[in-house]
Amino acid sequence: MRMNDTNVIYGINGPVVTVKESHSFSMMEMVYVGEERLVGEVIGITSELTTIQVYEETTGLRPGEPVTGTGSPMNVTLGPGILDNIFDGIERPLKAIEEKSGAFISRGSSVSALDEGREWDVALRVKPGDEVKGGDIYAVCPETPIIEHRCMVPPALSGVIESVKPDGKHRVNDTVAVLRDKRGALHELTLCQHWPIRTPRPVAQRLQTTLPLITGQRVIDTLFPIAKGGTAAIPGGFGTGKTMTQHQLAKWCDADIIIYVGCGERGNEMSQVLDEFSELVDPKSGRPMTDRTVLIANTSNMPVAAREASIYTGITLAEYYRDMGYHVAIMADSTSRWAEALREISGRLEEMPAEEGFPAYLPSRLSEFYERAGMSVNLNGSDGSVTIIGAVSPQGSDFSEPVTQNTKRFTRCFWALDKALAYARHYPAINWTQSYSEYFIDLDPWYTENLGEEFIKYRRRINRLLQEESQLMEIVKLIGSDVLPDDQKLVIETARVIRVGFLQQNAFHQDDTFVPLEKQKQMMRVILYLYRKARQLVSASVPISNILETGLFDKLVKMKYDIPNNRLDLFDEYIAEIDRLLAELVAS
């Protein structure tokens with residue numbers, strides 16, 4: 001720590017502080033500002049001024065107060081105790097701050113990110129004389145009942161283990177092993193390490209994304225899948241269900257660990273997340289959901305600069321657990337609020353604005369964030385992934401605005417939320433004509449191997465029917481549906497079953513909130529079977545009105561509720577009933 005390089009504040013403009021005629025700071029260096037030692041970061045250096053971005057409220061700060069450098073970049077502490085915790089945008093634990101200062105966060109709160117007094121049941125994985133390199137696991141401990149924390153050698157360090165402590169109870173800052181590098185220098189290995197938030201953690205090899213992130217949401221898993229290690233954007237206007245969709249994904253996706261970043265969202269939404277996650281039971285383990293979840297709460301009334309840092313804090317924590325060999329999903333809600341923070345700080349820096357006032361470097365910042373996703377071979381040889389799902393909040397649901405358009409450039413999944421669907425209570429309100437996924441080529445081999453070629457065929461037919469309905473509805477709006485021939489009326493009726501009975505999902509129903517892939521396949525099979533049989537009857541001049549009177553279409557709308565997830569054999573009964581009723585119709 002370079003604590004003797006002290007300078008004084010020259011100017012204050014909101015979260016932006018300047019220091020005059022200082023040559024002791026480095027770019028992106030973490031500093032302490034003012035008598036209360038507010039956390040800041042150097043974002044600009046000229047021969048005359050050093051510009052600092054302060055991550056806490058600067059009200060009451062005065063020129064002449066000291067600015068102290070640390071000699072290190074803005075970083076986070078990585079170690080056991082991250083899970084089942086709630087942090088703000090710069091990894092300050094909100095529970096510990098509440099115990100110290102009450103319900104309101106006091107400025108300059110110097111609370112350690114991890115509980116330094118808590119003892120962990122540590123088992124060493126190395127012995128004296130072992131050669132280790134960056135990423136190798138030297139100690140493990142049960143961080144939660146379902147997640148094993150693996151302490152790894154820092155990426156840039158390698159050498160021979162000189163000594164180790166015995167297995168047993170240790171704190172995060174206790175030295176559990178000593179490493180001697182090639183130069184003969186000794187390095188103490190504790191249960192934690194530090195990492196700069198703006199620097200991606202290294203990997204041994206990037207892998208192709210070939211495994212789907214199974215979410216249990218039919219419109220996503222079937223029509224617009226995302227891969228583990230992939231990127232997705234969820235754009236939508238106010239009230240279209242961005243946060244609700246991300247909640248569903250966080251609860252039910254098959255990632256090992258969830259990082260939820262509430263970036264600039266309303267406080268009541270974040271409190272709802274905290275309440276829901278504390279009560280929710282993880283379906284895989286039967287334990288509370290919080291045992292594998294990290295929450296970063298940076299609400300709209302918190303300092304705007306910390307909003308900009310919260311995204312990087314979240315992705316760094318995700319990379320850390322990926323390096324242990326876990327599959328991690330990070331939910332960023334929302335990147336639009338993060339971009340607005342960039343715009344505000346850029347305006348205070350008097351930078352030349354680009355489109356809609358956003359800084360010209362908005363695209364590069366978005367790409368820096370989304371490009372940290374991926375499936376990889378870690379330095380220790382394990383496989384892991386980071387999947388990024390970012391919500392976008394375009395004003396007035398205008399998808400042509402800069403944040404949405406630039407996000408589309410760097411993500412391969414686009415789940416466009418539709419205000420009309422949301423107001424009609426169709427959830428998830430993902431518009432099937434505007435959304436897309438570019439992961440089909442990567443994931444289709446997995447679907448073929450695990451679900452058969454029929455799954456892909458069903459998906460294509462479902463898509464084709466939805467597209468046909470979209471075209472037919474343009475005609476219906478002009479001249480009505482009565483003039484359509486029966487085969488086109490059948491397409492509209494089948495598409496209604498697909499929309500209401502398949503794409504629409506009830507998050508509060510025990511069987512419909514999460515649907516296994518096999519059940520999704522069987523639902524498509526039955527819907528398409530009815531369409532094929534009905535089309536044969538229509539071709540044989542049987543009126544569509546007579547087919548609808550059998551009630552089969554309405555029955556298929558309700559099959560998502562009537563068939564439990566563990567009774568897939570009931571789908572055969574639906575097939576038999578379709579054959580029976582349609583045969584009776586022909587006979588009559």
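Glu116 is partly exposed, with a relative accessible area of 42%. The model is predicted. Glu116 sits in the loop between α1 (94-101) and β10 (120-124). With Glu98, Glu99 and Asp115, Glu116 forms a negative surface patch.

**Positive patch**

Opposite charge gathers elsewhere on the surface. Which residues form the positive surface patch? They are Lys457, Arg460, Arg461, Arg464, Arg532 and Arg535. Two elements give two or more residues each: α11 (453-479) and α13 (517-539). Helix α11 gives the most, with four residues. Arg460 is placed in helix α11. Its relative accessibility is 48%, so Arg460 counts as partly exposed. The cut-off for exposed is over 50%.

**Salt bridges**

How many salt bridges does the count come to? The total is 31. Three pairs are set out here.

| Pair | Closest N to O distance |
|---|---|
| Arg180 and Glu162 | 3.1 Å |
| Asp512 and Arg218 | 2.8 Å |
| Arg287 and Asp291 | 2.9 Å |

Take the salt bridge of Arg180 and Glu162 to begin with. This pair links distant parts of the chain, 18 residues apart. Arg180 belongs to strand β16 (residues 177-180), and Glu162 to strand β14 (residues 159-164). Arg180 has a relative accessible area of 31%, so it is partly exposed. Glu162 has 39% relative accessibility and therefore also counts as partly exposed.

Next comes the salt bridge between the side chains of Asp512 and Arg218. Here the two partners lie 294 residues apart in the chain. Asp512 is in the loop between α12 (486-503) and α13, while Arg218 is in helix α2 (residues 218-223). Are Asp512 and Arg218 buried or exposed? Both are buried.

The side chains of Arg287 and Asp291 also meet in a salt bridge. Their surroundings can be read from the accessibility values. Arg287 is partly exposed, because its relative accessible area is 33%. Asp291 is at 5% relative accessibility, so it counts as buried; the cut-off for buried is under 20%. Salt bridges with shared partners also make a network, which joins Glu41, Arg198, Glu308 and Arg365.

**An open sheet**

Strands β14 and β16 also belong to a sheet. In what order do the four strands of this open sheet run? The order is β11-β14-β16-β17, and the pairing is antiparallel. The edge strands are β11 (131-132) and β17 (186-189), each of which pairs on one side only. Strands of a sheet pair through backbone hydrogen bonds, either parallel or antiparallel. Between β16 and β17, the antiparallel pairing extends over four bridges. One residue pair shows the register: Val178 has Glu188 in β17 as its bridge partner.

**Backbone details**

Two cis peptide bonds deserve a look. One joins Asp333 and Ser334, with omega of about 5 degrees. Ser334 is in the loop between β23 (327-333) and α6 (335-348). Another cis peptide bond joins Tyr427 and Pro428, with omega of about -10 degrees. Pro428 lies in the loop between α9 (419-423) and β27 (436-437).

Positive phi values come next. What is the phi of Met28 near? It is near 65 degrees, a positive value in a residue other than glycine. Met28 is placed in the loop between β3 (16-20) and β4 (29-33). At 28% relative accessibility, Met28 falls between the limits of 20% and 50% and therefore counts as partly exposed.

Arg37 is not a glycine, yet its phi is positive, at about 55 degrees. Where is Arg37 found? Its place is the loop between β4 and β5 (38-45). The relative accessible area of Arg37 is 36%, so this residue is partly exposed.

Methods:
Residues are numbered from 1 along each chain as its sequence is written. This is a predicted model: local features need pLDDT of at least 70, side-chain atom pairs count only at pLDDT 80 or more; totals for chains, interfaces and linings use all residues. Side-chain values use heavy atoms; hydrogens and water are left out. Patches are made of residues with over 30% relative accessible area and no salt bridge: like charges are joined within 9 Å, nonpolar side chains (Val, Leu, Ile, Met, Phe, Trp, Tyr) within 5 Å. Accessible areas come from the Shrake-Rupley method with a 1.4 Å probe; for residues, only the protein chains shown count as cover. A salt bridge is a side-chain nitrogen of Lys or Arg within 4 Å of a carboxyl oxygen of Asp or Glu. Lys and Arg count as positive and Asp and Glu as negative; His and the chain ends are not counted. The place of a charge is taken as NZ of Lys, CZ of Arg, CG of Asp or CD of Glu. Buried means under 20% relative accessible area, exposed over 50%, partly exposed in between (1.4 Å probe, protein chains only). Two strands pair if DSSP finds at least two bridges between them.
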